[in-house]
Each structure stands twice: as C-alpha cells, then as structure tokens.
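Dear colleague,

Please find below the structure that I am handing over to you, together with its sequence. A summary of what was found in it follows.

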Amino acid sequence: MTTPMVLPDGEPAAGPWTPVPVATLAQRLLEGAPRGDDGGWGDRPWVVAVDGRSGSGKSTLAQSLLPHLAPAVVVHTDDLAWHEPMFGWAHLLVEGVLEPALRGEDVSFRPPAWEERGREGVVDVPVGLRAVVVEGAGANQRRFAHLVDRTVWVQSDHALAEQRGIARDVEQGVNGDAEESRRFWHEWMAHELPFFADEQPWTRADAVVAGTPTVALAEGEVAVAEGPLGR
C-alpha cells in the first residue's frame, strides 16, 4: 500500500513508487556517459547530486549509495554553507571543489569562513575517484548544472521532514534547544521554500527517491518513482 505525501505548493507528487535495491539505483545513475562530456575533462569522476528539502533523507541516501559508487566521496553542501548566506555558497562548490576535481586535481579546500572562524579540516576530494556525490539542499542548481552528471531528487512529506529535521538538530545541538531549533527551522523555511519554488530541481532529476515512507521496503532497498518525475 502506498502512503501519500503532503508536499509544498508547486511540487508535483512522484510515483508510483517501486522498491529498488540501492545497488541497482547506483548502477542506473552511472549508466552511459557523463552528461556533457566532450572529452575536455579527461579521466575525471562522475558528479552525482543528491538534492531535496531539509529533513528529507538526503544524507542517508548519499551514504547508502557511496559503497556502490566506490571509490567515491560525499561533499556536504552544509559544510560549504557554514556561515555563508543561505543558498549563497554555489561559487564555493564550483570554484573550490567541482572545477578542480573535474580537471583531475587533488582537492583539499578550506572555505573562507573556515579560515576566518578557525574551523579545522578540509573538504577533501582526492584524485582517482569514480564519483563525487554532492549532497544537500540546493545540490542541483541551474548555476552549476553543467558540472553535474546525474541528479537525484529526494521527495519527502513536508510535515514529517520538519519533525525529523528539528529532532535531528536538537540531538546534534546545532541550533540550540528545541524551541531555538524550531525557530531556526521556520526561518530557514522562509528561504528554502521560495528557493525550491524557483529552482524546481525535481524537473532535472534523473531519479526521484522517497525520503519518507511510501511503500514497504526490504533492507537495502529504496522507493524509486517510476512516474513522470523519474527517468
């Protein structure tokens, strides 16, 4: 039995949903040739964008795909967005990560805010990868669509994603206590909802995956849309 989702205005419901092994989904994503490959990049990794609304299950899906795309890494847009304007980090992904990775360069990128605020570590994309998975809200933007080979839209029930996202933030302590996390969530939604209404990344998706329950799944399976949003 399919469980319907309640979606924000303007986002069409995907479906019908079919259980698919994650390994099969990964294989489908890397079929054929990289999009727009004119031979200019040489031996370079595939770029797979996993996009969706906050709390939709993007990180979980990206991590489950990783071993089936190996050798591969996940680049979290939340790391690039740290102390940047909301949805104002695309230049960091393009210039700091994707363009050098596609030129076959070893990437160890420290965003400016990391330097300014003393955050340790780097965004690391070594050479020799099969795939780079870009995961996060806004991972499939028109601005850098020419650098992305395959895209996944993670569709989710709006209310359930909110409950899950706030609970996650409270558990991780990233936005304060429960009240502060709810306040931040609604502030974030004031930016996210119009951003996705304008971008409509689901129209560019090569696959649409359910991030909240729709059909019964066995271990290692995800629900993939076989309707007009999927390909």
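**Findings**

Pro71 sits in the loop that runs between helix 2 and strand 3 (72-76). Please keep in mind throughout that this is a predicted model. The peptide bond leading from Ala70 into Pro71 is cis, and its omega is near -5°. A cis peptide bond also joins Gly15 and Pro16, with omega at about 0°. Pro16 belongs to the segment before strand 1 (17-21).

Helix 7 may deserve your attention next. It covers residues 178-199, which makes 22 residues. From its first C-alpha to its last it reaches 30 Å, close to the 32 Å expected at 1.5 Å a residue. The helix nevertheless contains a kink of about 30°, centred on Met189. At its start, a side-chain oxygen of Asp177 comes to within 3.2 Å of the backbone nitrogen of Glu179.

Which residues of helix 7 are buried? They are Ser181, Trp185, Trp188, Met189, Glu192, Phe195, Phe196 and Glu199. Met189, the centre of the kink, is therefore among the buried positions, with under 20% relative accessible area. The partners against which the buried residues of helix 7 pack are strand 2 (46-52), strand 7 (150-155) and helix 6 (158-172).

Just beyond helix 7 comes Gln200, with a positive phi of about 45°, although Gln200 is not a glycine. Gln200 lies in the loop that connects helix 7 with strand 8 (207-210). Its relative accessible area is 33%, so Gln200 is classed as partly exposed. His83 is likewise not a glycine and has a positive phi, of about 60°. The loop between helix 3 and helix 4 (90-102) is where His83 is found. With a relative accessible area of 46%, His83 is also partly exposed.

Helix 4 itself is mostly covered, as 10 of its 13 residues are buried. The buried residues are Ala90, Leu92, Leu93, Val94, Gly96, Val97, Leu98, Pro100, Ala101 and Leu102. Helix 4 is followed by Gly104, which has a positive phi near 85°.

Turning to the internal spaces, the structure holds 1 cavity of 30 Å³ or more. The largest cavity has a volume of about 30 Å³. Its lining consists of Arg53, Ser54, Ser156, His158, Ala161, Trp185, Met189 and Glu192. Helix 6 and helix 7 are the elements that give two or more residues to this lining. Which element gives the most to the lining of the largest cavity? That element is helix 7, with 3 residues. Trp185, Met189 and Glu192 thus appear both in the lining of the cavity and among the buried residues of helix 7.

The largest pocket encloses about 960 Å³ of space. It is lined by 31 residues, of which Asp78, Arg168, Asp169, Val174 and Asn175 are the closest to its centre. Helix 2 (58-69), helix 3 (77-81), helix 6 and helix 7 each contribute at least two residues to the lining of this pocket. Helix 6 and helix 7 therefore take part in lining the largest pocket as well as the largest cavity.

With kind regards

Note on methods:
Residues numbered from 1 in each chain as written. Predicted model: local features only at pLDDT ≥ 70, side-chain atom pairs only at ≥ 80, totals over all residues. Heavy atoms only, no water. Helix = DSSP H or I, 4+ residues; strand = E, 2+ residues; numbered from the N terminus. Expected span 1.5 Å × (residues − 1). Bend = angle between axes of the 7 residues up to and from the residue. Buried < 20%, exposed > 50% of the residue type's maximum accessible area, 1.4 Å probe, protein only. Contact = heavy atoms within 4.5 Å. Polar contact = N/O pair within 3.5 Å; in protein donor to acceptor, adjacent residues only side chain to side chain. 1 Å grid on protein atoms, 1.4 Å probe; cavity = no way out; pocket = protein on both sides within 12 Å on 5 of 7 lines; lining within 4 Å. Points joined across faces, edges and corners; volume = space filled by probe spheres on them.
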